[in-house]
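Here is a short walk through one protein model. Keep the sequence and the 3D view side by side as you read.

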Amino acid sequence: MLPIQTCLMAAGEGTRMHSKKSKVLHEICGRTLLDWVMAAAPESGERPIVIVGRNESAVRETYGERVRYAVQHERLGTGHAVMMAADEIKKSGADAVLIVAGDMPLFRRETLEKLCEGVVSGRCEAAVLTAILDDPTGYGRILRDEAGHVVGVVEQKDASPEQLLIRETNVSGYCVRRDLLLDALSRLTNDNAQKEYYITDIVGILVSDGRTAEACVAEDPSECLGINDRVQVAAAERQMRRRINEKIMKSGVTLIDPENTYIEADVVIGCDSVIYPNNVITHGTRIGENCVIRSGCRIDSSVIGDFVEITSSVLLSAKVGAHTTVGPFAYLRPASVVGEHARIGDFVEIKNSFVGDGTKVSHLTYIGDAD
């Protein structure tokens, strides 16, 4: 696949989140919304362009030099946002530009690759991601000619009663040939009900120029959930957690009750391990093979060897060797290292200490800054 420049729209105010934090920096399953979208974008040698607004400083502090930035000082629509990124797009060596909203964390890599495939292969010059929805209220509608070819996108406030009956909707994903995108951006107008510059209008501009556009229909419409409030954050979290848990189970791990097991992104669990419900296991954690994690544990960024059993305990950036048991109600604080064939019993707290192989700390003990 030829290089693709990813451009992420992340300048929204997020007022319905009722938060002092930038919307795209809210997290689900251990990653920010923006992280999930970037992870789903096709592989490319180009750093993604992130379009920021009043959240500029927070996003820059989070991502540093990992991305390139464009700033949208005024909120004049999605088209205006991408116009603000035109200078950065011009610098890109990519042949195609993928434009995606930064608050849509459920996109899968294969979906965005499929969206870009037509443009990259030369089959079309622009592609728009669409979904067939039972209730398309609030979404732009995809317009096709009698032959079924995409000819444009109309936003709901500008749609006629007949167009409002269309169930195929635009879901904020676009891929366009870079040179044609830059030309179309220079020709956008705000002649519409909201007096905004719509990125969707580039489809109609290109078609009127005799260029070819196509729709890439998302096989799973639930991927296309955008985040506007905390209710939608919770809905996205549920769906992402289900994906993570399914992947873990397919790798050979038993989850007794997946719906009540919280495992974040990037957790690795070895085969034949058993995870009971009501556990929270966060990113950076590595659990070995044939382990048993019983209910009521919180395990953050910890490394656990093979054949370990942990019951109702808290581990924070700790290491536990093979064939060791921990808990119930143990507390292993950061920089705690427990060796193999050890026993850490009930109501034991360990902080910044090394507990050697075969050591037994049976109960009611505090060990701090010790070997």
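The paragraphs below go from the overall picture to the cores, the strands, the surface and the salt bridges.

Begin with the whole. This is a predicted model. The protein has 371 residues, and 50% of them count as buried. Its C-alpha atoms fill a box of roughly 75 × 40 × 40 Å, taken along the principal axes. The secondary structure comes to eight helices and 29 strands. The accessible surface is about 16900 Å², and carbon and sulfur atoms account for 49% of it. Contacts also reach along the chain. Among those between residues at least 6 apart in sequence, 43% join residues at least 24 apart.

Now look inside. The largest nonpolar core has 69 residues. Within this core, L34, I51, V59 and I99 touch the most other members. Strand β6, residues 96–101, gives the largest share of the core, with six residues. Another core lies apart from this one. That second core has 42 residues, among them I244, V267, A330 and V338.

Return to V59 in the largest core. Set aside its neighbours within four places in sequence, and V59 is in contact with S22, V24, L25, L34, V50, V52, G64 and Y69. One of these contacts, L34, is also a buried residue of helix α1. That helix spans residues 33–40. Six of its eight residues are buried, so the rest of the structure largely encloses the helix. The buried ones are L33, L34, W36, V37, M38 and A40.

Next, the strands. Strands of a sheet pair through backbone hydrogen bonds, either parallel or antiparallel. Both senses appear in the examples that follow. Strand β8, residues 141–144, pairs with β9 in the antiparallel sense over four bridges. One bridge sets R141 against V154 in β9. The two strands form a hairpin, with five residues between them. In the turn, G148 has a positive phi of about 90°. Is strand β9 enclosed or open to the outside? Four of its five residues, 150–154, are buried, so β9 is largely enclosed by the rest of the structure.

For the parallel sense, find the open sheet of six strands. Their order is β14-β17-β20-β23-β26-β28. The edges are β14 (268–269) and β28 (354–355). Each has a single partner strand, so one side of each is left without a neighbour in the sheet. Further in, β23 (residues 319–320) and β26 (residues 337–338) run parallel, joined by two bridges. There K319 stands opposite V337 in β26.

Move to the surface. F329, F347 and L364 form a nonpolar patch there. Together they have about 360 Å² of accessible area. F347 sits in strand β27, residues 343–351. Its relative accessibility is 48%, so F347 counts as partly exposed.

Last come the charged pairs. Side chains of opposite charge can pair when their charged atoms come close. The model has 26 salt bridges. One of them joins R54 to E13, with the closest N and O atoms 3.1 Å apart. Why does this pair tie together separate parts of the chain? R54 lies in the loop between β4 (49–52) and α2 (56–63), while E13 lies in the loop between β1 (4–9) and β2 (27–28), so the linked parts are 41 residues apart in sequence. R54 is exposed, at 69% relative accessibility. E13 is partly exposed, at 38%.

A second pair is E259 with R242, whose closest N and O atoms are 3.6 Å apart. E259 is in the loop between β12 (254–255) and β13 (262–263), and R242 is in helix α8, residues 230–250. They are 17 residues apart. Both count as partly exposed, E259 at 49% and R242 at 37%.

A third pair brings back strand β27. E349 in that strand forms a salt bridge with R333, and their closest N and O atoms are 2.7 Å apart. R333 lies in the loop between β25 (331–332) and β26, 16 residues away in sequence. E349 is partly exposed, with a relative accessible area of 23%. R333 is partly exposed too, at 25%. Salt bridges can also join up: E46, R68, E88 and K91 are linked in a network of them.

Conventions: Residues numbered from 1 in each chain as written. Predicted model: local features only at pLDDT ≥ 70, side-chain atom pairs only at ≥ 80, totals over all residues. Heavy atoms only, no water. Buried < 20%, exposed > 50% of the residue type's maximum accessible area, 1.4 Å probe, protein only. Pairing = 2+ DSSP bridges. Patch = residues over 30% accessible without salt bridge, like charges linked within 9 Å, V, L, I, M, F, W, Y side chains within 5 Å. Areas by Shrake-Rupley, 256 points an atom, 1.4 Å probe, with all protein chains shown as cover. Salt bridge = Lys/Arg side-chain N within 4 Å of Asp/Glu carboxyl O. Core = buried A, V, L, I, M, F, W, Y, C linked by side-chain atoms within 4.5 Å. Contact = heavy atoms within 4.5 Å.
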